[in-house]
Amino acid sequence: MTGTVPLALRPSPSRGAEAGFCEAQLRAAGAGAPCKARRPGHDLASPCRSRFPPARNRSKPIVGCLSAALLLCGCVVGPDYVRPAMQLPSSYKEDPDWKPAQPSDGMPASWWKGFGDEDLNALASQVAAANQDVRVAEANYRQATALARQAFAALFPIVSLDASATRSQGATGATAARSAGPATFESVTVGASWEIDLWGGLRRSLEAARANASASAADLAGTTLSLQGQLVSDYLALRVADEQRRLLEDAVVDYEKSLQLTESRYRAGVAARTDVAQAQAQLEVTRAQAIDVQISRAQLEHAIAALTGKNPEDFSINQRPYEVRVPPVPPMLPSALLERRPDVAAAERRAAAANAQIGVAQAAFFPTLTLDATGGYSAPSGKSLFSVPYRVWSLGPSLAEKLFDAGARSAAREQAVDAFDASAATYRKTVLAALQNVEDNLASLRILAQESVVQAGAVKAAQESLALTISQYKGGTVSYLNVITAQTTELSSRQNALSIDGRRAAAVVALIEALGGGWDVSQQPSSVQSTAASSQQASAQRAQ
């Protein structure tokens, strides 16, 4: 290798020590003296300064770029987020008597306990832990927080390690005809690259990722609330079905007694055969209705099993007497929906994310500044690699700017603005739907409360009419058709009363859901909590 400079060590005016110059040569370049190093390829007669400027002059552009980068790091392009304007009513149309809730009137997180059923309490608490839809929402939330961590990591330098051994052969000397033998070079370098966020594009990306993570957290809360509400509704409907069956079974017992009465009167010759046939027909119809109720009960039981993450084969709910209870709902102003509804919070956070994306698109119009640094060792095979003469390094900024993209960046910015407009409209639509849900269920509760009072009077009158009709039939003053009519009316009135109670309970559940349950935006985890919680949840899911 005498008289030749290996490719990895050959001087280059643009790279300095990165090309593999020894420390002696660099010191000679700074002093303007001939290089005294006895290494192949060094020109010992001519000073190195003629080809390489002093190190202190080369560092000035780098320092200048760093200073400018630090001054510009506080710049963030794009509009700052403002929640989309939404005009809200001061009160609800269907219940104007609702006033602002007092601090003690807040809805508890376990709102279903207001129905006073221990079985219901145990089942509703299992939804958040075992339901598969909740697990899907949890996984989506963990994905969103992972994306937020990725966006946060983009603000920091990337450090890499590179180790290589290369064997090569190439033309050297005065003519390309003369070729040196193959040579092996080994190198170990550590590199760092840092994109300076001059215009805030990376910070806007982080802002969008965190907003999306918050929206995903609200989605998780909304999914859990919806499934808990569905379970409570199904459980109440199952208990109503149990009560319907009990009413029908009680009616079957009464109708059996009526059949015995008509048969006795028929044998005594004081009643016609048609009375017996009518009593028998009424009894069998009621028995069939009692059997039919079991279909809806079985389906509701299976639905509850699925909601709690259980196999329907291994799940059952015992039938027992049940009195439908309608708990009171704490009053709340319309403006509170913005803070208490998970779907409203999710829509608002997605609007914030879309607004941040405008800044990302705007930052693409400006140049990007990247700082690159590399340091390590590179030497021929057989030499002491980690020694000062074979040390290499490089440091410098790079500035990149697109000069022509045929309008791609302008189109991306317009797309981001349009996406924000769509997100803002979706947010307003979600708020309007929330107001509609509350108004619908307030109207249902108000009207059903009135209907319940009237229906209670109807039940009392039907029971009194039945008692009088049976007395008249025993006295022979009316036919058995009058008895059947009175019995049918009495049973129907009690069934309607039970149905109204069940509908009132379902309306309360729907109203609680419409008001956000026991959730509010203060329960959303912060970015730090989101990272830790998502990691713990991921570990727990993998362990299962």
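Q: How do you know which residue E186 stands opposite in β3?
A: In this predicted model, E186 faces A379 of β3. On β1, the bridge partner of E186 is A165.

Q: What makes β2 and β3 a pair?
A: Pairing takes at least two bridges between the strands, and β2 and β3 (residues 368–380) are joined by 12. That count meets the cut-off, so they pair. They run antiparallel.

Q: How do you know that β1 pairs with β2?
A: Try the rule again: at least two bridges are needed, and 11 join β1 (residues 158–168) to β2. So the two strands pair, and here too the run is antiparallel.

Q: What makes β3 and β4 partners, and which residue of β4 stands opposite D372?
A: There are 10 bridges between β3 and β4, against a cut-off of at least two, so they count as paired. Their sense is antiparallel. D372 has G396 of β4 opposite.

Q: Why are β1 and β4 called edge strands?
A: Picture the four strands as an open sheet in the order β1-β2-β3-β4. β1 and β4 (391–400) each pair on one side only, which makes them the edge strands. On average, neighbouring strands of this sheet are turned by 20° against each other, direction ignored.

Q: Is V190 called buried, exposed or partly exposed, and why?
A: V190 sits in strand β2 (residues 183–196). Its relative accessible area is 42%. Buried would need under 20% and exposed over 50%, so V190 is partly exposed.

Q: What makes V190 eligible for a surface patch?
A: A patch residue needs over 30% relative accessible area, and V190 has 42%. V190 forms a nonpolar patch with V159 and L161. Together they have about 310 Å² of accessible area.

Q: Why does D197 count as buried or exposed?
A: D197 is in the loop between β2 and α5 (201–267). The relative accessibility of D197 is 11%, and the limit for buried is under 20%, so D197 counts as buried.

Q: What makes the approach of D197 to G201 a polar contact?
A: The side chain of D197 reaches the backbone nitrogen of G201 at 3.0 Å. The distance limit is within 3.5 Å, so this one fits.

Q: How do you know that R350 and D219 form a salt bridge?
A: The closest N and O atoms are 2.3 Å apart, and the rule asks for within 4 Å, so the pair qualifies. R350 lies in helix α8 (residues 342–363) and D219 in helix α5, 131 residues apart, so distant parts of the chain are linked. R350 has 38% relative accessibility and D219 has 29%; both values fall between 20% and 50%, so each is partly exposed.

Q: What makes R287 and E284 a salt bridge, and where do they lie?
A: Their closest N and O atoms are 3.0 Å apart, with a limit of within 4 Å, so they count. Both lie in helix α6 (residues 273–307), three residues apart, about one turn of the helix.

Q: Why are E490 and R494 separated by about one helical turn?
A: Because they are four residues apart in helix α10 (residues 480–514). Their side chains meet in a salt bridge at 2.8 Å, N to O. E490 is buried, because 9% relative accessible area is under 20%.

Notes
Residues numbered from 1 in each chain as written. Predicted model: local features only at pLDDT ≥ 70, side-chain atom pairs only at ≥ 80, totals over all residues. Heavy atoms only, no water. Patch = residues over 30% accessible without salt bridge, like charges linked within 9 Å, V, L, I, M, F, W, Y side chains within 5 Å. Areas by Shrake-Rupley, 256 points an atom, 1.4 Å probe, with all protein chains shown as cover. Buried < 20%, exposed > 50% of the residue type's maximum accessible area, 1.4 Å probe, protein only. Axes fitted to C-alpha atoms, helices over the stretch in contact; angles between N-to-C directions. Polar contact = N/O pair within 3.5 Å; in protein donor to acceptor, adjacent residues only side chain to side chain.
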